[in-house]
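Work through the exercises below with the sequence and the structure open beside you. Each task is followed by a solution in steps.

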Amino acid sequence: MQIISVISAVLIFGSLVECRVPSSSKLNNFDYTAINCRKHSAILTDFGAVGDGKTLNTKAFNSAITKLSQYANDGGALLIVPPGKWLTGSFNLTSHFTLFLQKDAVILGSQNEADWPELPVLPSYGKGRDATDGRLSSLIFGTNLTDIIITGNNGTIDGQGSIWWEKFKKGQLKITRPYLIEIMYSDQIQISNLTLINSPSWFVHPVYSSNIVVNGLTILAPLNVPNTDGINPDSCTNVRIEDNYIESGDDCIAIKSGWDQYGIKFGKPSEHIIIRRVTCISPKSAMVAIGSEMSGGVQDVRIEDLTAINTESAVRIKTAIGRGGFVKDIFVKGLNLNTMKYVFWMTGSYGQHPDDKFDPKALPKINGINYKDVTAKNVTIAGKLEGISNDPFTGICISNATIEMFVKKDSDIEMDAKKVKLPWNCTDVAGVTSNVVPQPCALLPDKKVDCPFPTDKLAIENVQFKTCSFKSVI
Ligand SMILES: *[C@@H]1O[C@H](CO)[C@@H](O)[C@H](O)[C@H]1NC(C)=O
Ligand SMILES: *[C@@H]1O[C@H](CO)[C@@H](O)[C@H](O)[C@H]1NC(C)=O
Ligand SMILES: *[C@@H]1O[C@H](CO)[C@@H](O)[C@H](O)[C@H]1NC(C)=O
Ligand SMILES: *[C@@H]1O[C@H](CO)[C@@H](O)[C@H](O)[C@H]1NC(C)=O
Ligand SMILES: *[C@@H]1O[C@H](CO)[C@@H](O)[C@H](O)[C@H]1NC(C)=O
Ligand SMILES: *[C@@H]1O[C@H](CO)[C@@H](O)[C@H](O)[C@H]1NC(C)=O
Ligand SMILES: *[C@@H]1O[C@H](CO)[C@@H](O)[C@H](O)[C@H]1NC(C)=O
């Protein structure tokens, strides 16, 4: 009956442009912003969903999205998730589709593993990240799609990840944990204006995809749980990540492109990425990590106006022998950092291989890493830059950086006199600095430079949001 009502609404009002829902649904009209508006719409409750936090709604999500997929070539469709607690297993998105979570709508991930179907491991990884064999589909999954939007009026997606974190800590995972949102092989993606909490593992994972905007997210995981990275573009091109707030047990943002021999063979880089106006809390990891899986290469990344409060490091490069690939043309400008272990950190010995078949001759090429306008307070180590012997990290440039070191009380200094750490420790790196305090290591001499930052715009910066109207039919 629900299906018929949606279709008849379309037959009657098909020539009009506004979104419409069946008259049985009492929803107020509203406006929202998106990269694309939709001609058709439906509300989750039209498909039998129950928002009591207990009823499993996987079937409702699947039948709603299957029905709405028929409008992909007729203006697309909007699925509204109204206030309530909507328990569900993993479900798949469709093209020219918007999932809209109203204020006080909460999607809850099922804690029954049977509600998470298995998927093949990612080809650029060759193995699962937690357990070698398989991996579970993310809560919200999409593959081979065009034009997908997940947004709302700050509704919540709660992965209820505690059961997975416990299994991880006890070494009981037999299969790789699911992510909260994963979109594969897709073009034109918007994920915005939502609160995402308690993912079993990574939160937002666009992979092998292009033209992606991720903005207005509040991402919250407890600070002591494993691998809850915030936003991980992986072998993606044209990505804009802006105005997000992230608290994570792992990296707030990590740019990746595949793992060792599998990533080298797949050969798809992450490139043309801009990250700006993000606030990060991550005491055990980085504000932005590049790697450690970077075997398809990472290039043309622009990072601007980021704030970190209590993170282990700022914009960190992680790689290893066997990774191959490259990290080049990275530009960072305007970091405001408070309470950090390392301001500048590059690691060429990260370890962690998918198996022992990696090629020990596959050396990563790290070149052209630029930082400028950095203010940091309460820092333990200013820079630890560790390249690879016979494969130095080159073209490092740091200008206008003021780092205030953590000051110990007099009594502590006497006790720790022999343990005082060097502010900088550089091995197998080459580059220049200018106007950096405290004075950098000898491998980065002062050359009175102003490190570069591109003045052109990436194509993804020109993508504009439209104002869309949802109108209820009474
Ligand atoms: C998200 O929320 C912000 C602030 O409320 C608003 O300006 C913006 O239009 C919304 N939509 C998107 C897509 O960011
Ligand atoms: C979701 O997509 C995956 C990957 O294409 C597929 O294996 C699975 O059957 C789909 N699930 C549903 C319910 O269609
Ligand atoms: C998705 O796209 C990839 C890359 O083009 C292709 O290899 C794969 O077969 C496609 N999968 C489906 C289910 O169409
Ligand atoms: C969205 O909700 C989160 C969690 O309640 C809150 O911290 C954040 O400020 C909200 N964002 C907006 C734009 O209202
Ligand atoms: C140096 O960086 C600070 C921010 O850390 C900025 O306010 C200042 O304008 C920069 N100075 C120059 C000369 O660019
Ligand atoms: C400075 O950093 C230390 C950890 O290195 C931390 O314990 C302390 O609270 C921080 N102080 C301030 C003022 O943030
Ligand atoms: C400097 O870094 C190298 C390479 O990581 C390490 O072996 C060495 O012990 C460090 N030196 C100090 C004084 O910390």
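The exercises concern a predicted model, and they cover ligand shells, a strand and several single residues.

**Exercise 1. The shell of ligand 5**

Task: list the residues around ligand 5, sort them by class, and find the side chains with polar atoms at its oxygen atoms.

Solution.
- Step 1. The residues around ligand 5 are D373, V374, T375 and N400.
- Step 2. By class, this shell holds one nonpolar, two polar and one charged residue.
- Step 3. Strand β23 (residues 365-386) gives the largest share of the shell, three residues.
- Step 4. In the side chain of T375, an N or O atom is 2.7 Å from an oxygen atom of ligand 5. For N400, a polar side-chain atom lies 2.3 Å from an oxygen atom of the ligand.
- Step 5. On its own, ligand 5 has 360 Å² of accessible area, and the protein covers 36% of this.

**Exercise 2. The shell of ligand 6**

Task: name the residues around ligand 6 and state what part of its area the protein buries.

Solution.
- Step 1. T339, N378 and F406 are the residues around ligand 6.
- Step 2. The side chain of N378 has an N or O atom 2.4 Å from an oxygen atom of ligand 6. A polar atom in the side chain of T339 lies 3.2 Å from an oxygen atom of the ligand.
- Step 3. Ligand 6 exposes 360 Å² when taken alone, and the protein buries 35% of that.

**Exercise 3. The shell of ligand 2**

Task: describe the residues around ligand 2 by name and by class.

Solution.
- Step 1. Around ligand 2 stand N62, N92, L119, F141 and T143.
- Step 2. These divide into two nonpolar, three polar and no charged residues.
- Step 3. An oxygen atom of ligand 2 has a polar side-chain atom of N92 at 2.4 Å.
- Step 4. Of the 360 Å² that ligand 2 exposes when taken alone, the protein buries 40%.

**Exercise 4. Strand β8 and its partners**

Task: decide how far strand β8 (residues 105-109) is enclosed, then identify the strands that pair with it.

Solution.
- Step 1. A residue counts as buried under 20% relative accessible area. Five of the five residues of β8 are buried, so the strand is largely enclosed by the rest of the structure.
- Step 2. Split the residues by direction. A105, I107 and G109 point one way, V106 and L108 point the other way, and all are buried.
- Step 3. Strand β5 (residues 84-88) runs parallel to β8 and is joined to it by five bridges. Here G84 has A105 as its bridge partner in β8.
- Step 4. Strand β13 (residues 156-158) also pairs with β8 in the parallel sense, over three bridges. In this pairing L108 stands opposite D158.

**Exercise 5. T156 in β13**

Task: is T156 buried or exposed, and which residues does it contact beyond its neighbours within four places in sequence?

Solution.
- Step 1. T156 lies in strand β13.
- Step 2. The relative accessible area of T156 is 16%, so T156 is buried.
- Step 3. With neighbours within four places in sequence left aside, T156 is in contact with L101, A105, V106, I107, T195 and I197. A105, V106 and I107 in this list are residues of β8.

**Exercise 6. S95 in a loop**

Task: place S95, classify its exposure, and find the backbone atom that its side chain reaches.

Solution.
- Step 1. S95 sits in the loop between β6 (91-92) and β7 (97-101).
- Step 2. S95 has a relative accessible area of 16%, so it is buried.
- Step 3. Leaving aside neighbours within four places in sequence, the contacts of S95 are A72, L145, T146 and D147.
- Step 4. With T146, the side chain of S95 reaches the backbone nitrogen at 3.0 Å.

**Exercise 7. R240 in β18**

Task: is R240 buried or exposed, and which backbone oxygen lies 2.8 Å from a polar atom of its side chain?

Solution.
- Step 1. R240 is found in strand β18 (residues 237-247).
- Step 2. Its relative accessible area is 5%, so R240 is buried.
- Step 3. Beyond neighbours within four places in sequence, R240 is in contact with I212, V213, V214, I274, R276, I460, E461, V463 and F465.
- Step 4. The backbone oxygen in question belongs to I460, 2.8 Å from a polar atom of the R240 side chain.
- Step 5. For a wider distance, take P438: R240 and P438 are 198 residues apart in sequence and 33 Å apart in space, C-alpha to C-alpha.

Methods
Residues are numbered from 1 along each chain as its sequence is written. Chains are lettered from A and ligands numbered from 1 in the order in which they are written. This is a predicted model: local features need pLDDT of at least 70, side-chain atom pairs count only at pLDDT 80 or more; totals for chains, interfaces and linings use all residues. Side-chain values use heavy atoms; hydrogens and water are left out. A residue is near a molecule or strand if one of its heavy atoms lies within 4 Å of it. A polar contact is a pair of N or O atoms within 3.5 Å; within protein, one must be able to donate a hydrogen and the other to accept it, and residues adjacent in sequence count only if both atoms are side-chain atoms. Accessible areas come from the Shrake-Rupley method with a 1.4 Å probe; for residues, only the protein chains shown count as cover. Helices (H or I, at least four residues) and strands (E, at least two) are DSSP runs, numbered from the N terminus. Ala, Val, Leu, Ile, Met, Phe, Trp, Tyr, Cys and Pro count as nonpolar, Asp, Glu, Lys and Arg as charged, and the others, Gly among them, as polar. Buried means under 20% relative accessible area, exposed over 50%, partly exposed in between (1.4 Å probe, protein chains only). Two strands pair if DSSP finds at least two bridges between them. Contact means heavy atoms within 4.5 Å.
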